[in-house]
Amino acid sequence: MDWKKFFIAFVAAFGFIFLFGFIWYGKLMHGAHQEVPTLWRTEADFGNHFSTLVFGHIVMAFFLTLVCARFVPGGGPGACATLAILVALIYAGADLITFAVQPLTTKILCGWIVGDLIQFTIAGAIIGAIYKPAPAHTTFVKERSP
Amino acid sequence: MKRFILAFIAAFIFIFLWGWLYNGVLLKDVFAEAQSLFRPREEMMGLFHWIVIGQAGLALAFVMIYASGFAGGGIAAGVRLGIMLEILAIGARCAIYATQPFPAKLLVLISIGGFIEMIVTGVIVGAIYKPNQSLSSS
């Protein structure tokens, strides 16, 4: 495994996932979330748990990079994005279960599923574009001496 | 294709039964401690089909990921995939914990159950799904 490329891909994926999460879930879906205010922590309480949010995003980015690096041997944005879509489908399944047990609105459910799909697809494409392992067999051609 | 469908059905049945046993029976009292965050039981039963659809989607996605890059590694590869997917889920659970006032104990117990669920699902899928021999030279 090319650890330097892996690390760069992980950092880029984390940056994107965190930024996307802030814009999509924190800003664009803020109104939808406020329809069920009892489900969320207060601003002050959220601030106290912010480090857990960052840690969660680091874990997600690291393991998404690991899954892509180990199981898409050729790398590439298309193949990694496809794998990431499948990972997003697992999250979508979990979202449906959450919807059944927690008083979420349909708007929140749809927002979460669409958000998961966009977030993971783009993150997968970023990882695939950055993490491309070196070819296993390299042919060296000797220059002819004059 | 036949093995793919068999693996999906077996994984789905296990996820469904484990979800019922672990979350519905064993953790019943722990969930009750955070009752304000959940729907009333009658309302939940009215939305039960979404739990079934969600679990079926989860099982299908698991088998598809396994078939797309892990098949050939057998049970060990299935377990590895299950562990990685559960750690990804724990990342998402940390984000949920930061935004919703869940007791930490509940999320830890859900994660332990999730690990068991994903590892056993990996064993089931790895044991049942075998790639076409002529296509699996790697």
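**Exercise 1. Determine which residues touch the most other members of the largest nonpolar core, and which helices supply that core.**

Solution. A nonpolar core is here a set of buried Ala, Val, Leu, Ile, Met, Phe, Trp, Tyr and Cys residues joined through C-beta atoms within 7 Å, where buried requires 20 or more other C-beta atoms within 10 Å of a residue's own, these atoms being placed from the backbone. The largest such core has 73 residues, and those touching the most other members are A:Ala13, A:Leu64, A:Leu83, A:Val87, A:Ile127, B:Ala11 and B:Phe62. At least two residues of this core come from each of helices H1 (3-28), H4 (50-71), H5 (77-101) and H6 (106-130) of chain A, and likewise from each of H1 (2-26), H4 (48-70), H5 (74-99) and H6 (104-128) of chain B. The helices are DSSP runs (H or I, at least four residues) numbered from the N terminus, and H5(A) gives the most to the core, with 16 residues.

The model is a predicted one, in which local features need pLDDT of at least 70 and side-chain atom pairs count only at pLDDT 80 or more, while totals for chains, interfaces and linings use all residues. Residues are numbered from 1 along each chain as its sequence is written, and chains are lettered from A and ligands numbered from 1 in the order in which they are written.

**Exercise 2. Find the residues with which B:Phe62 is in contact, leaving aside its neighbours within four places in sequence.**

Solution. Contact means that the C-beta atoms of two residues, placed from the backbone, lie within 7 Å. With those neighbours left aside, B:Phe62 is in contact with B:Ala11, B:Thr121 and B:Val125, and also with A:Ile90.

**Exercise 3. Describe the side of chain B that touches chain A.**

Solution. The contact takes 36 residues from chain B and 36 residues from chain A. On the side belonging to chain B, H4 and H5 each supply at least two residues, and the largest share, 15 residues, comes from H4(B). This side divides into 26 nonpolar, 9 polar and 1 charged residues, with Ala, Val, Leu, Ile, Met, Phe, Trp, Tyr, Cys and Pro counted as nonpolar, Asp, Glu, Lys and Arg as charged, and the others, Gly among them, as polar.

**Exercise 4. Work out how H5(B) is oriented relative to H6(B).**

Solution. The axes of the two helices, lines fitted to C-alpha atoms over the stretch in contact, with angles from 0 to 180 degrees between N-to-C directions, come within 7 Å and cross at roughly 155 degrees. H5(B) is therefore roughly antiparallel to H6(B), a term used for angles over 145 degrees. The residues of their contact divide into 17 nonpolar, 8 polar and 2 charged.

Note on methods: Buried ≥ 20, exposed ≤ 12 C-beta atoms within 10 Å, placed from the backbone. Parallel < 35°, antiparallel > 145°, perpendicular 65-115°, else oblique.
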